[in-house]
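Here is a short tour to read alongside the model on your screen. We will look at a helix pair, a buried side chain, a small sheet and the cysteines.

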Amino acid sequence: MIAIIDYGLGNISNVTRAIQYLGYDVVLTCDDKELERADAIVFPGVGHFKDAMTSIHAKRNDHSLSKFHHKPIIGICLGMQLLFQHSAEGDVDGLGFVPGNIVPIQTDYPVSHLGWNDLQSMHPLLQSDVYFVHSYQAEMSEHVVAYANYGTKVPGVIQYQNYIGIQFHPVKSGEYGLAILNQALKGGFIDD
């Protein structure tokens, strides 16, 4: 069973349908007992970092998520960014599960980073064309397992311990995106 956390700023229905399409049972919950039963937790998100953290604190999702670091927690789009320590978007702290910060994309290209872009990675599944929509990015680090070139390196997938972040929209990225999401739900892209 896959648990999806709803804190009010996620693309819940699309993510739910995609995970069900992949053959998983899905529950939309913030209940600790259901999160404990889940094989993986998905943390989607669309919107502004500061608004998301305000909602997360109000609903105490931060406390719930911190109890389950032993299982895969997959952050998608804004959900990925929220896993980090701090964001320049709103100058606010994130959940702090993944080392590093979220910064504005620094490029001569138009920002937002909007549309299809190729992932670069040593992992064969992560060498595909995927769909991005964002203006802020994680800093490049040793936790980046795939990135896109957009006049600068933009992390597309990160993995730190059991935390997996997917910056692009796997649901809008066709069969490749769904295959990447499925691999994340199975535990990720790097061996411990």
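Helices (H or I, at least four residues) and strands (E, at least two) are DSSP runs, numbered from the N terminus. Helix H5, residues 78-82, is where you will find Gln81. Please keep in mind that this is a predicted model, in which local features need pLDDT of at least 70, side-chain atom pairs count only at pLDDT 80 or more, and totals for chains, interfaces and linings use all residues. Residues are numbered from 1 along each chain as its sequence is written, and side-chain values use heavy atoms, with hydrogens and water left out.

**A buried glutamine**

Gln81 has 4% relative accessibility and therefore counts as buried (under 20% relative accessible area; exposed is over 50% and partly exposed in between, with a 1.4 Å probe and protein chains only). Leaving aside residues up to four places away in sequence, Gln81 touches Phe49, Glu89, Ile102, His134, Tyr136, Gln137 and Gln167. Contact here means heavy atoms within 4.5 Å.

**Two packed helices**

Helix H1 (residues 12-21) packs against helix H6 (residues 174-185) at an angle of about 80°, and their axes are 10 Å apart. Axes are lines fitted to C-alpha atoms, for helices over the stretch in contact, and angles run from 0 to 180 degrees between N-to-C directions. H1 is therefore roughly perpendicular to H6, a label for angles of 65 to 115 degrees (under 35 is roughly parallel, over 145 roughly antiparallel, the rest oblique). From H1, Ala18, Ile19 and Tyr21 meet Glu175, Leu178, Leu181 and Leu185 of H6.

**A four-stranded sheet**

An open sheet of four strands runs in the order E6-E5-E7-E10, with mixed pairing. Strand E6 (92-93) and strand E10 (136-138) are at the edges; each has a single partner strand, so one side of each lacks a neighbour in the sheet. Two strands pair if DSSP finds at least two bridges between them. Strand E5 (residues 84-87) pairs with E6 in the antiparallel sense over two bridges, and His86 has Asp93 in E6 as its bridge partner.

**The cysteines**

How many disulfides does a search of the whole structure find? The search finds zero, a disulfide being a pair of cysteine sulfur atoms within 2.5 Å. The table shows why for two cysteines: each sulfur is too far from its closest cysteine sulfur for a bond.

| Cysteine | Closest cysteine sulfur | Relative accessible area |
|---|---|---|
| Cys30 | Cys77, 19 Å | 30%, partly exposed |
| Cys77 | Cys30, 19 Å | 7%, buried |
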